[in-house]
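Welcome! Let us take a walk through this structure together, starting with what it means for two residues to touch.

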Amino acid sequence: SKQTGGYKREYFLIEYAGNDKLYVPTWQADRISRYIGAKNPVVTTLDSKQWNNLKKRVRKSVQKLAIDLAKLYAERESTRGYAFPADSPWQKEIEELFPFKETPDQIKAIEHVKNALQESRPMDLLLIGDVGFGKTEVAVRAAFKVIEDGKQVMMLVPTTILADQHYRTFSQRYRNYPVVLEVLSRFRVRKKQKGIVDDFNNGRIDMIIGTHRILQEDIKPRDLGLIIVDEEQRFGVNSKEKIKLLKTRADVLTMSATPIPRTLYMSLAGVRDIVLIETYPEGRNPIETFIGKTDYTVIKRA
């Protein structure tokens, strides 16, 4: 805490080289993000030439990204997408395999997504719902609708554990149908990765679930129909939009428990559609979130 203007206020302290210090007010905590990159980044002083050059490069890349995004969304708005057909008997069978009772909000979300897939305008939909509220089931049904009509699906997830979990879930539901799924992450040996990429690019794999690995340039889907981004708040702008650049006509389903302000703004501004799942499943307690000092007694009782 620091005394400023006669008031004692809380700040985050960020230290740089040469004893340089940056105090960030707690009410501007959204301006701080975790560093993701090289294991041992070079720490510089705040007035170094290297730091200034880095800021210039970042400003240039942000400006280029903004221009690319503006072009992308303008193109998606004016492009005629692919309209998927109405539900088939297989679609109904897949949906009946769901072992739980759908909540009212979940049913609304599923119908909304399927209707958006059946329209000729490229879908760009944000699905919001707490953990365990049934977002994955919406993705299972949407992906099957796309695959059954001969198109491919890409699912981007933030961690290898989540990639494996989704792979098991989707495989279990599709196991009696002619659907070929694969999971792609850095844990797969390089030779196996190459084989999966070749098969996906040549249309022999219907759906690929993966981490940032599926954003690499060797991924060139043969006939992409749907992109699913799970836990979108865990990805940077560049990652999420890069996958859309693969094909401006592909439908996009973004799922999140805690969407970032930029995504919410885009939804409220009408750039993308938004659907909420607010009703929690039968037998599940509603999630309560509160902020307080560390208290291990409270944590144990939670």
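Two residues are in contact when they have heavy atoms within 4.5 Å of each other. With that in mind, turn to I228 in this predicted model. Leaving aside its neighbours within four places in sequence, I228 is in contact with A139, A143, V153, M154, M155, L156, M207, L253 and M255.

I228 also belongs to the largest nonpolar core, a group of 38 residues. Along with L127, F170, Y174, M207, L226 and L253, I228 touches the most other members of that core. Helix by helix and strand by strand, who contributes? The biggest share of this core comes from α4, which supplies eight residues. There is a second, separate core as well, made up of 17 residues, with L184, I196, V197 and L215 among them.

Now step back to the whole chain. Its 302 residues, of which 38% count as buried, form nine helices and eleven strands. Consider the contacts between residues at least 6 apart in sequence: 73% of these join residues at least 24 apart. On the outside, the accessible surface comes to about 18,800 Å², and carbon and sulfur atoms account for 52% of that area.

For one example of a contact that spans the sequence, look at L117, which sits in helix α3, residues 104–117. Is L117 buried or exposed? L117 counts as buried because its relative accessible area is 0%, and the cut-off for buried is under 20%. Its C-alpha lies 5.8 Å from that of F84, although the two residues are 33 apart in sequence. F84 is one of the residues in contact with L117 once neighbours within four places in sequence are left aside; the others are Y82, A83, M123, A142, K145, V146, L226 and D251.

Let us finish with the empty space. Rolling a probe the size of a water molecule over the atoms shows where such space is left. The second largest pocket has a volume of about 740 Å³. Which residues lie nearest its centre? They are F98, G132, F133, G134 and K135, out of 30 that line the pocket. Three elements give two or more residues to this lining: α4 (135–148), α5 (160–174) and β10 (251–256). Of these, α5 gives the most, with five residues. Sorted by class, the lining of the second largest pocket holds eleven nonpolar, nine polar and ten charged residues.

Definitions and conventions. Residues numbered from 1 in each chain as written. Predicted model: local features only at pLDDT ≥ 70, side-chain atom pairs only at ≥ 80, totals over all residues. Heavy atoms only, no water. 1 Å grid on protein atoms, 1.4 Å probe; cavity = no way out; pocket = protein on both sides within 12 Å on 5 of 7 lines; lining within 4 Å. Points joined across faces, edges and corners; volume = space filled by probe spheres on them. Helix = DSSP H or I, 4+ residues; strand = E, 2+ residues; numbered from the N terminus. Nonpolar A, V, L, I, M, F, W, Y, C, P; charged D, E, K, R; others polar. Buried < 20%, exposed > 50% of the residue type's maximum accessible area, 1.4 Å probe, protein only. Core = buried A, V, L, I, M, F, W, Y, C linked by side-chain atoms within 4.5 Å. Areas by Shrake-Rupley, 256 points an atom, 1.4 Å probe, with all protein chains shown as cover.
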